Amino acid sequence: MGKIVLNSVRKSFGEVDVIPGVDLTIENGEFVVFVGPSGCGKSTLLRLIAGLEDTTSGAIVIDGSDATALPPAKRGLAMVFQSYALYPHMTVRKNIMFPLKMAGMDLAEATKRADAAASVLNLTNYMERKPGQLSGGQRQRVAIGRAIVREPAAFLFDEPLSNLDAALRVNMRQEITELHQSLKTTMIYVTHDQVEAMTMADKIVVLNAGRIEQVGSPMELYNHPKNTFVAGFIGSPKMNLIEGPEAAKHGATTIGIRPEHLEVVSEGGWSGVVGLSEHLGSDTFLKVTTDAVGTINVRAGGEVMLRHGDRVNLAPQANKIHRFGADGKALA
Amino acid sequence: MARAVTTQRKLVYTIAAWSVALLIFFPVLWTILTSFKTETSAVANPPELLSADWTLENYAEVWGRTDYPRFFLNSVIISVGSTLLGLLIAIPAAWSMAFVPSNKTKDLLMWMLSTKMMPAAAVLIPMYLIFQRTGLFDTRTGLVLALMLMNLPVIIWMLYTYFKEIPGEILEAARMDGASLRDEVLYILTPMAIPGIASTMLLNIILAWNEAFWTITLTTTKAAPLSAFIASFSAPQGLFYAKLSAASTMAIAPILILGWFSQKQLVRGLTFGAVK
């Protein structure tokens, strides 16, 4: 079990409302990603759920019982930190077994569980090493091992991959996703990387200034962003947000067009000059300065061989235009 | 670009370092040398070195005339006891200041340190009277308490500096893993801070061992440690330099040996946190 419900959870530090009030339901077994820019309160929200911060008001309900006042250890949750937070004076085995020792489990059972976790995480050969003798990826695995042996109601991940290099990050991302598929335990994952959010989540919670902007599946957020913030945050490269007469033509204050929904056409559309052209092989990313709508990002096929200074005509796919009102909210 | 350190430069630095070290160590060295001279050689002017009459007689006399083992035992009990008691109080205090600081923590630390700036003589009479009236005068318990209180600010400061270096996330991880406050201090914080605790302990044992003002003032015979033992040789019959030096050497030898064997630990302790 691992259903977590947040009822009007608020957190202030002195005069500053970091989380002005959040309502959210995380279903048992879901992989939920909190995503948002730096300082949006996503880590604070995770720490509130973990019990590492006290809520100013509101309630946190875990599996039907109010956990708001419970200390971290009594919430049945396990957390993986950004800095791994391994115990440097203990071997990998002792690190993994520490939560079991704290739970008073007998040594034989604890050893069995630690060995099982180590084998899942490919750590069997490193059990007698200290964290200082491991690579970044191995340390992160130990941190995950320490979390899984407890068989918690839910896992909390606080930007666990940000200290790893790009290649390792992709591997670990896949490992965590596979782990979720095999364990089927609730996972709450905090990241500022929307690619991680899109690839891993069952449900994404987009946060901005402590408020939830939108909750939904990755594709829901991608296809139907509720406002300009979510529209601009989800998707890479960023959605083009265009204001002025072109938006007015569609009856909106702002229109949003994703770079992949712009087509290079031989005539008509918006004419412009290519400023930057990045050829990735599979895709070509263009930055085009147009006369009608200013500078926009375009994602074209790998076969498009446009270069800096080339003139190009761009046309948005009519059914992929997102319309937003003056308040930034999506129009029906 | 890093400048190459030439052999000549190294030699200059080495000579300079040895000169400063010898200058600092000279009084101790002279005391040790004097302790092996006869009383006549000890007071000879100009001082005798090569022509002196060397003897072990002073040690035999000091040993025979006094109860050295009792003084030694008192010194051990007082210095180790006050340090252990101090650590017992300082570990939780430094923990709370390092990991759950309030906006008054910095002021509190400064206030504690400021007590060390007060001249000891300023509280001599009240301390003496308190000790007399509470029956702590000339007791080991009394001295353990007095020296513990005296060194507590230093112990808390040193441990605070150590604990500040331990990432808070590790303690949070322990809390998530089900550790109680006691488990957190016992299994995580203390083992991680062992080098710091060890050097704090060593330094405070040395400070307490060498303390003379209070140990001489607050004792007569029963609880008197080695500082009082030395002082007893500058007594009414006049000064006997050779015997006084023998007594001093016997008093400082144990701590000198301890210091010598733990110098790595001490240096690490005193410079900890200076370079990240």
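**Exercise 1. Burial and backbone at A:Ala85**

A:Ala85 is buried, with 25 other C-beta atoms within 10 Å. The structure examined here is a predicted model. Determine where A:Ala85 lies in chain A, and state what sign its phi has.

*Solution.*
Step 1. The cut-off for a buried residue is 20 or more other C-beta atoms within 10 Å. A:Ala85 has 25 such atoms, and therefore counts as buried.
Step 2. In chain A, the loop between strand 6 and helix 2 holds A:Ala85.
Step 3. Most residues other than glycine have a negative phi. A:Ala85 is not a glycine, yet its phi is positive, at about 50 degrees.

**Exercise 2. A second positive phi**

Establish whether A:Lys184 is buried or exposed, and locate A:Lys184 in chain A.

*Solution.*
Step 1. Phi of A:Lys184 is positive, near 55 degrees, in a residue other than glycine.
Step 2. A:Lys184 belongs to the loop between helix 5 and strand 8 (186–191) of chain A.
Step 3. A residue is exposed if 12 or fewer other C-beta atoms lie within 10 Å. A:Lys184 has 12 and is therefore exposed.

**Exercise 3. Cis peptide bonds**

Identify the residues joined by a cis peptide bond in chain A and in chain B, and place the proline of each pair.

*Solution.*
Step 1. Most peptide bonds are trans.
Step 2. In chain A, the bond from A:Ser236 to A:Pro237 is cis, with omega near -5 degrees. A:Pro237 lies in the loop between helix 8 and strand 11 (240–243) of chain A.
Step 3. In chain B, B:Asn45 and B:Pro46 are joined by a cis peptide bond with omega of about 0 degrees. B:Pro46 is in the loop between helix 2 (39–43) and helix 3 of chain B.

**Exercise 4. Length and covering of helix 4 of chain A**

Compare the expected span of helix 4 (residues 136–148) of chain A with the distance between its end C-alpha atoms. Then state how many of its residues are buried and what covers them.

*Solution.*
Step 1. The expected span is 1.5 Å times one less than the number of residues. For the 13 residues of helix 4 of chain A this gives 18 Å; the end C-alpha atoms are 19 Å apart, so the two values agree.
Step 2. Ten of the 13 residues are buried, and the helix is mostly covered. Among the buried residues are A:Arg139, A:Val142, A:Ile144 and A:Ile148.
Step 3. The covering elements of chain A include strand 6 (77–80), helix 2 (92–102), helix 3 (107–120), strand 7 (154–158) and helix 5 (166–183).

**Exercise 5. The surroundings of A:Thr228**

Describe the position of A:Thr228 and list its contacts beyond its neighbours within four places in sequence.

*Solution.*
Step 1. A:Thr228 is part of helix 8 (residues 228–233) of chain A.
Step 2. A:Thr228 counts as buried because it has 22 C-beta neighbours inside 10 Å.
Step 3. Its contacts, with neighbours within four places left aside, are A:Leu241, A:Thr254, A:Gly256, A:Phe324 and A:Gly328.
Step 4. A:Gly281 is 53 residues from A:Thr228 in sequence, and their C-alpha atoms are 30 Å apart in space.
Step 5. The domain assignment of chain A gives domain 1 (4–229) and domain 2 (239–324), whose C-alpha centres lie 38 Å apart.

**Exercise 6. Helix packing in chain B**

Summarise the secondary structure of chain B, then describe how helix 3 (residues 57–65) packs with helix 13 (residues 241–261) of chain B.

*Solution.*
Step 1. Chain B has 14 helices and zero strands. Its C-alpha trace spans about 70 × 65 × 30 Å along the principal axes, and 33% of its 276 residues are buried.
Step 2. Two packed helices are described by the angle between their axes and the distance between the axes. For helix 3 and helix 13 of chain B, the angle is about 75 degrees and the axes are 9 Å apart. These helices are therefore roughly perpendicular.
Step 3. Helix 3 of chain B contributes B:Asn58, B:Tyr59, B:Glu61 and B:Val62, while helix 13 of chain B contributes B:Ala242, B:Lys243, B:Ala246, B:Ala247 and B:Met250.
Step 4. By class, the residues of this contact are six nonpolar, one polar and two charged.

**Exercise 7. The contact between the chains**

State how many residues each chain gives to the contact, and which element gives the most on the side of chain A.

*Solution.*
Step 1. Chain A provides 17 residues and chain B provides 14 residues.
Step 2. On the side of chain A, strand 6 and helix 2 are the elements that give two or more residues. Helix 2 of chain A gives the most, with three residues.
Step 3. The residues on the side of chain A that touches chain B comprise 14 nonpolar, two polar and one charged.

Notes
Residues are numbered from 1 along each chain as its sequence is written. Chains are lettered from A and ligands numbered from 1 in the order in which they are written. This is a predicted model: local features need pLDDT of at least 70, side-chain atom pairs count only at pLDDT 80 or more; totals for chains, interfaces and linings use all residues. Axes are lines fitted to C-alpha atoms, for helices over the stretch in contact, and angles run from 0 to 180 degrees between N-to-C directions. Helices (H or I, at least four residues) and strands (E, at least two) are DSSP runs, numbered from the N terminus. Angles under 35 degrees count as roughly parallel, over 145 as roughly antiparallel, 65 to 115 as roughly perpendicular and the rest as oblique. Two residues are in contact if their C-beta atoms, placed from the backbone, lie within 7 Å. Ala, Val, Leu, Ile, Met, Phe, Trp, Tyr, Cys and Pro count as nonpolar, Asp, Glu, Lys and Arg as charged, and the others, Gly among them, as polar. Domain bounds come from an automatic or database domain assignment.
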